[in-house]
Every structure is written in C-alpha cells, then in structure tokens.
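Student: Could we go through this structure together? I'd like to start with one strand and then move on to a helix.
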Amino acid sequence: MEEPPPPDRYDEVSDRFEGSQFLVTPQIDLYYFWMNVKKAPFDDLRVRRAINYAIDPAALERIYAGSLHSIQQVLPVAMPGHRPFRLYPHDMAKARELIAAADPRKRTVTVWTDNYGPNKEAGEYYESVLHELGFQTTLKIVPPQNYTTIIGNESTPNLDTGWANWYLDYPHPNDYFQPQLSGESITPTADSNYSRFDDPAINRQIAKLDTEPLGPSQEAAYARLDRQVMRQAPWAPFGSVSMTTFVGSDIDLDQVV
C-alpha cells in the first residue's frame, strides 16, 4: 500500500516546499470502512446507512492532513464511470434515528485497522463514531504487512467492520467492483470482498459489464451501479489520498514524472 506522509509532517513540508521540491499528484484510490453484511449488526441496512450518515468527512480530512479528497462512493475521481454524488451527507441525528429504528440486539463489534499513522487514527475515529452510536467496541490494530491477509481470511474471528483502501490495478471500473463487491470474489482466504457483499442483481450487472468493451454506455452503467451499491451501503467510503513526491533542491520539479 502506498501512503501519504505522516500527518505531523505533511503541512510543514507542503508549506515550505510545494512547487519547488514537493509535488502532490492526485491518484485513483479509495479509502473506506467496510461492514460485514453477513453478520449482525451490519446485516441490517438501516445500521449500515446510519454508519454512512455518522462519518464526518472533515474529521478524516484532518486525520490525513490535507492529502485526502473526500468522496462517498465506490468509483474514485478520474476512474471511468465516476459521477459524483453523496447519498449520506454527514447527519448524526439521522444516524441515531436509523439506529433507534433498527434497535440491533448485537451491540458488541470489533473494529479492524492497520497501525500506519493516519490509518490507525482513522480506525480510532471510526471506533469512536460507533461508540457514539451506542456500540461496545474493541479495536484490533494489525501491522500493515499482515493486515489484508488477516481480514481476508474467514477463519479470523470477529471480522465485523474496519478500515481498508484500494489502489487501482488497471484503469477500468471493473477493478473496483469485481474483486471487492462481487459475490464470486468471496473466498476462504485472500478475500478482497471484506464486506462479504453478495447481491444477486448486482453480481449479474458486474458480470455483464465485464464482458463488454468500455464505452460511454458502459461508463453510464457503472455510474448507475455505483449508486445501487451505495444504496445497499456495504461500505462507508470516505476519500481518495494524493500521492506525494519530495525531491532534492537540485532536481527540477517540473521535469519530474
């Protein structure tokens, strides 16, 4: 996983060197919180939607120290098929109403994250949001090199919810749907569908679009699919992180590729 500079250094480096030695490059990636839709309490759509309403983009922008561009959907900016929308503007009152209506019997949840600086802080923030909504939480912090192996293994106990990110493998919207949101991608190990999301109608659309050459009509279909998935709310996406490059004073930044 590529990561931004430590938050305690980002502003300092940016203020002193951006434009001369510090280059910020937007990239196609997505950071999100996943919820295991196969297990209570996240098997209830009202709970998942409540989580989306409860997440405050401004808090996560502060955690990632200005390197985070806030979005709330599956397809990142610059990915073909991206059409911006927000189904769940930050509204803690609405989140509490949904939790009260769902009244989940299971209130104990485990929250997973890795221990890289801002990712750890994002996990801690997410835990605090769940706690504010009335859940009793346990935070599991895992080294980055082992993180996806652990949360992608169905034998790992208490895989309730947690932090994740995804950097594109290839510039096609299928890269965000097939491995992460298709039912056929759920596997006992090396699973990248952390939410265990398996919706037959959405599975069919993912499979159909994968057989078609990418063009304007397919991009429009992926945009509609993005909204369909977010109505089901298996994730609470919160942003994309820019790539940063810092070079020596003898390097011409304009020539850096």
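Student: Which strands does β2 pair with, and in which sense?
Tutor: Bearing in mind that this is a predicted model, strand β2 runs antiparallel to strand β6, residues 161–167, and is joined to it by 7 bridges. With strand β7, residues 235–241, β2 also pairs in the antiparallel sense, here over 4 bridges.

Student: Which residue in β6 is the bridge partner of Phe33?
Tutor: The partner of Phe33 in β6 is Trp163, while on the β7 side Tyr31 has Gly239 as its bridge partner.

Student: How many residues of β2 are buried?
Tutor: In β2, which spans residues 29–35, 7 of the 7 residues are buried, so the strand is largely enclosed by the rest of the structure.

Student: And which residues sit on each side of β2?
Tutor: In a regular strand the side chains alternate between the two faces of the sheet. In β2, Asp29, Tyr31, Phe33 and Met35 are on one side, with Leu30, Tyr32 and Trp34 on the other, and as these are all buried, both faces are covered.

Student: Switching to α8, which of its residues are buried?
Tutor: In helix α8, residues 200–210, the buried ones are Ile202, Asn203, Ile206 and Leu209. Looking down the axis of α8, these buried residues fall within an arc of 140°, so they line one face of the helix. The general background is that an α-helix has 3.6 residues a turn, so residues three or four places apart point the same way.

Student: What's on the other side of α8, and what covers the buried residues?
Tutor: Pro200, Arg204 and Lys208 are exposed on the other side of α8, whereas the cover over its buried residues includes α7 (174–181) and α9 (216–232).

Student: Which residue caps the N-terminal end of α8?
Tutor: That residue is Asp199, which places a side-chain oxygen 3.1 Å from the backbone nitrogen of Ala201.

Student: Zooming out, how many helices and strands does the chain have?
Tutor: The chain has 9 helices and 8 strands, and buried residues make up 51% of its 257 residues.

Student: How does its radius of gyration sit against that of a compact globule?
Tutor: A compact globule with 257 residues would have a radius of gyration near 18 Å, and the chain's value of 19 Å agrees with that. Along the principal axes, the C-alpha atoms fill a box of roughly 60 × 45 × 35 Å.

Student: What about the surface, how much area does the chain expose?
Tutor: The chain exposes about 11,700 Å², of which carbon and sulfur atoms supply 51%.

Definitions and conventions. Residues numbered from 1 in each chain as written. Predicted model: local features only at pLDDT ≥ 70, side-chain atom pairs only at ≥ 80, totals over all residues. Heavy atoms only, no water. Buried < 20%, exposed > 50% of the residue type's maximum accessible area, 1.4 Å probe, protein only. Helix = DSSP H or I, 4+ residues; strand = E, 2+ residues; numbered from the N terminus. Pairing = 2+ DSSP bridges. Arc of directions from axis to C-beta. Contact = heavy atoms within 4.5 Å. Polar contact = N/O pair within 3.5 Å; in protein donor to acceptor, adjacent residues only side chain to side chain. Rg over C-alpha atoms; globule rule 2.2 N^0.38 Å. Areas by Shrake-Rupley, 256 points an atom, 1.4 Å probe, with all protein chains shown as cover.
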